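Here are a few exercises to work through with the model open. Try each one yourself before you read on to the solution.

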Amino acid sequence: MSPVFAHGSLRLYLLSLLDESPRHGYELIQALTDRSGGTYSPSAGTIYPRLAKLEEEGLVTKTSDGRKTVYEITEAGRAELAARAGELDGIEDQLTDSVRRIADEVRSGVTAAMKSLRADLASAAREAKQSAKPGPSWASTAEESADQKVQGRLALHETDVSINEFRQAVRAELREHVARGGVLDDDTVSALRADLVAVRDRLRERLQG
C-alpha cells in the first residue's frame, strides 16, 4: 500500500499537531488516524522515536500527567513551523492525495476480491451440476435450491461490500471536512441519521413485500 507521508514529512506534521494543543502519544496517533480518514494508523514504534528526536532537538518538551506523558511544542518548535510553513501546506496536500490513493487501492482490492469470489462460486456451482446424477424430480429441485443458496451468498457478500464502501467514503469525507476546520453541527448529524433510518425502513419494506 502507498505510504501516507513522504520521508521527513511525519516529523513536521507531528510538530503542527502539537502546535494545535499539547497531546500524549495515543492522542497523536488518534489525530493522525482521524486526519487520514482511518486509512493510516501509525504504531507507537513509529511515533515515539520521532517524538524523542524532536525533544532531543529542543522542539518539544514532555511532562508526566499521571501515567501519561504529554508532549508540548516549544518556541523553537514554533519557529521551525513558521520557517517551513510552505512545506507544511505541501504536506497537507500530500496527505489528501495519499488518502485518496489508498482509498482507490482499497476499492481496487475489494473489486478484485469480488471477482475472485464470483469465479469461485460459479466454479463450485458448475462442479455441483456436473457431479449431479440424473434421477427423479427431487434431484432437480435440490440442484435449483443449491444454486439459489450460492446466489444468495454472493448477493449478501456484495451487499456487505457496498455498505462498507459507503461507510468508509462517508467517514473519510466527514473527517476531512472537520480536519480542515469545517463544522459538523447537530442538524447535519440528525439529518444523516434520519436518512439512514429511512433507507433501512425502505429496505425492510422491500424484503417483507
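**Exercise 1.** With which side chain does the side chain of T33 make a polar contact? Then work out whether T33 is buried or exposed.

*Solution.* Keep in mind that this is a predicted model. Start by finding T33 in helix 2, residues 25-35. Its side chain makes a polar contact with the side chain of S41, at 3.3 Å. Next, take the relative accessible area of T33, which is 11%. Buried means under 20%, so T33 counts as buried.

**Exercise 2.** Describe how strand 2 and strand 3 go together.

*Solution.* First, get the ranges: strand 2 covers residues 60-65 and strand 3 covers residues 68-73. The two pair in the antiparallel sense, over six bridges. Now pick out a facing pair: S64 stands opposite T69 in strand 3. Last comes the turn, where two residues sit between the strands of this hairpin and G66 takes a positive phi near 70°.

**Exercise 3.** Which residues form a nonpolar patch on the surface with L192?

*Solution.* Look for F166 and L196, which join L192 in the patch; together the three have about 260 Å² of accessible area. Then zoom in on L196, which belongs to helix 7, residues 186-208. Because its relative accessibility is 43%, L196 counts as partly exposed.

**Exercise 4.** Where in the protein is confidence lowest, and where is it highest?

*Solution.* Begin with the overall picture: the mean pLDDT is 77, and 68% of the residues score at least 70. Helix 5 (residues 85-131) is the low end, with a mean of 68, while helix 4 (residues 75-83) is the high end, at 94. Where pLDDT is low, don't read the predicted coordinates in detail.

Methods: Residues numbered from 1 in each chain as written. Predicted model: local features only at pLDDT ≥ 70, side-chain atom pairs only at ≥ 80, totals over all residues. Heavy atoms only, no water. Pairing = 2+ DSSP bridges. Helix = DSSP H or I, 4+ residues; strand = E, 2+ residues; numbered from the N terminus. Patch = residues over 30% accessible without salt bridge, like charges linked within 9 Å, V, L, I, M, F, W, Y side chains within 5 Å. Areas by Shrake-Rupley, 256 points an atom, 1.4 Å probe, with all protein chains shown as cover. Salt bridge = Lys/Arg side-chain N within 4 Å of Asp/Glu carboxyl O. Buried < 20%, exposed > 50% of the residue type's maximum accessible area, 1.4 Å probe, protein only. pLDDT = per-residue confidence, 0-100. Polar contact = N/O pair within 3.5 Å; in protein donor to acceptor, adjacent residues only side chain to side chain.
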